[in-house]
Amino acid sequence: MASVKEKSERSTAKQNGKAPAAAKTQHPKERYMYWYESMQLQRKFEEKAGQLYGQQKIRGFCHLYIGQEAGSSGSYTALTKDDKWITAYRDHGIPLALGSDPNAVMAELFAKQTGSSKGKGGSMHIFDKSVNFMGGHGIVGAQIPMGAGIAFAEKYNKTGNLCICFMGDGAVRQGAFHEAFNMAMLWKLPVIFVVENNGYAMGTSVERTSNVTDLYTLAEAYDMPSEPVDAMNVEAVHEAVSRAAERARADEGPSFLEFRTYRYRGHSMSDPQKYRSKDEVEEYKRRDPIEFVKARILELGHATEEDLAAIDQKIKGIVDESVKFADESPFPDPSEAYKDVYMQQDYPFLME
Ligand SMILES: Cc1ncc(C[n+]2csc(CCOP(=O)(O)OP(=O)(O)O)c2C)c(N)n1
Ligand SMILES: [Mg+2]
């Protein structure tokens, strides 16, 4: 058993979820180029979404993933196209990394009929079956048992696929987290649980929530393999997810990865950010995941500054086009409110 002293040393070494930077590793050129393009698309798409929110083109909740992009892109390259994905409400980055149509994602933010959830979901409820993205969920922690359930279906149907289930650090204090971990481990479900530890749940830091701040250790209670990951380094993300996927496909069951990451923007769109210092934000920006991958591409000679500038230009075109598409699309017809609503016709307890 770890002594109190050991435990406190372990925690202070990684205050606020900070971990020492992971060592660099080498990957094929195509992977680096995908990482750059995909992360840059997420970043530019959301920077634009932030501006549009200010113009009231986008309303309601809007949680930006800016700073956390290595989590989606690094996981993508470690998995197959048939694997299933589910996350919470900070959900624009993952579908874009998976290849969802940016037009449909932007139109959903605008609440337009052409949106990925027909304009009825908004920012927190992006869904895209065509890329196996199961949403977009607003209730903190609700997607954790759902992720286990999706993995159960894959195992039951003997597909060989797995489910990767993302959550925020706030979700690990929910009862559903612990219940799902217990069942998933007992049944050896092919699921990779990922906590994107960005240090805060709204304005509450991880330290203010619990004595256990090394979140990956929560899996130890269930005998589940787990590890912390420097998620500002996309190479490290890819490798950790690859290890977890290998276990899942070998029928060894779930893993728990703690992605240590950071969100540069506020929790949602109106957040005075009194709970953190500007210096803290700047410190993380110096380890920006996109700058990291850019530097790797240049040092490995996979592309020139001009090549990357051309990619940036292409992305600008894609984002501009998505805004035009969303702006010109119609709002859903009011009758749509009654469509796609789940109702069990033979529900035995209906009183009417
Ligand atoms: C069950 C539940 N309780 C409270 C809320 C309100 N709420 C919305 S987001 C949030 C913080 C969650 O933070 P975290 O899990 O760390 O995710 P992050 O926003 O950092 O990505 C809370 C408490 C909610 N949506 N659901
Ligand atoms: Mg958080």
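User: What do the buried residues of α11 pack against?

Analyst: In this predicted model, the buried residues of α11 pack against four partners: α2 (29-54), α3 (69-76), α9 (234-249) and α12 (305-328). The buried residues themselves are P289, I290, F292, V293, R296 and I297, in a helix that covers residues 289-299.

User: What makes these residues of α11 line one face of the helix?

Analyst: Looking down the axis of α11, you find its buried residues within an arc of 160°, so they line one face. There is a handy rule behind such patterns: an α-helix has 3.6 residues a turn, so residues three or four places apart point the same way. The face turned away from the buried side carries E291, A295 and E299, which are exposed. Just after α11 comes G301, with a positive phi of about 75°.

User: Why are α2 and α11 called roughly antiparallel?

Analyst: Their axes cross at roughly 150°. An angle over 145 degrees counts as roughly antiparallel, and therefore α2 and α11 get that description. The two axes come within 10 Å, and the crossing is left-handed.

User: Which residues meet where α2 and α11 come together?

Analyst: From α2 come Y32, W35, Y36, M39, Q40 and R43. They meet P289, I290, V293, K294, R296 and I297 of α11.

User: How do you know whether E235 is buried or exposed?

Analyst: Count the neighbours. E235 has 23 other C-beta atoms within 10 Å, and the cut-off for buried is 20 or more, so E235 is buried. This residue is found in helix α9, and leaving aside residues up to four places away in sequence, E235 touches K24, T25 and H27.

User: How far from E235 is W35, given that they are 200 residues apart along the chain?

Analyst: The C-alpha atoms of E235 and W35 are separated by 9.4 Å. W35 is also one of the α2 residues that meet α11.

User: What makes C165, V191 and I192 stand out in the largest nonpolar core?

Analyst: Of the 86 residues in that core, these three touch the most other members. The largest share of the core, eight residues, comes from α9. As a general background, nonpolar side chains tend to be buried together in soluble globular proteins.

User: Which residues does I192 touch?

Analyst: Leaving out residues up to four places away in sequence, I192 touches L162, I164, C165, V241, A244, A245, A248, P254, S255 and L257. C165, on that list, is another of the three residues that touch the most other core members.

Definitions and conventions:
Residues are numbered from 1 along each chain as its sequence is written. Chains are lettered from A and ligands numbered from 1 in the order in which they are written. This is a predicted model: local features need pLDDT of at least 70, side-chain atom pairs count only at pLDDT 80 or more; totals for chains, interfaces and linings use all residues. A residue is buried if 20 or more other C-beta atoms lie within 10 Å of its own, exposed if 12 or fewer, and partly exposed in between; C-beta atoms are placed from the backbone. Helices (H or I, at least four residues) and strands (E, at least two) are DSSP runs, numbered from the N terminus. The arc is that of the directions from the helix axis to the C-beta atoms. Two residues are in contact if their C-beta atoms, placed from the backbone, lie within 7 Å. A nonpolar core is a set of buried Ala, Val, Leu, Ile, Met, Phe, Trp, Tyr and Cys residues joined through C-beta atoms within 7 Å. Axes are lines fitted to C-alpha atoms, for helices over the stretch in contact, and angles run from 0 to 180 degrees between N-to-C directions. Angles under 35 degrees count as roughly parallel, over 145 as roughly antiparallel, 65 to 115 as roughly perpendicular and the rest as oblique. A crossing is left-handed if the near helix is turned anticlockwise from the far one by less than a right angle, and right-handed if clockwise.
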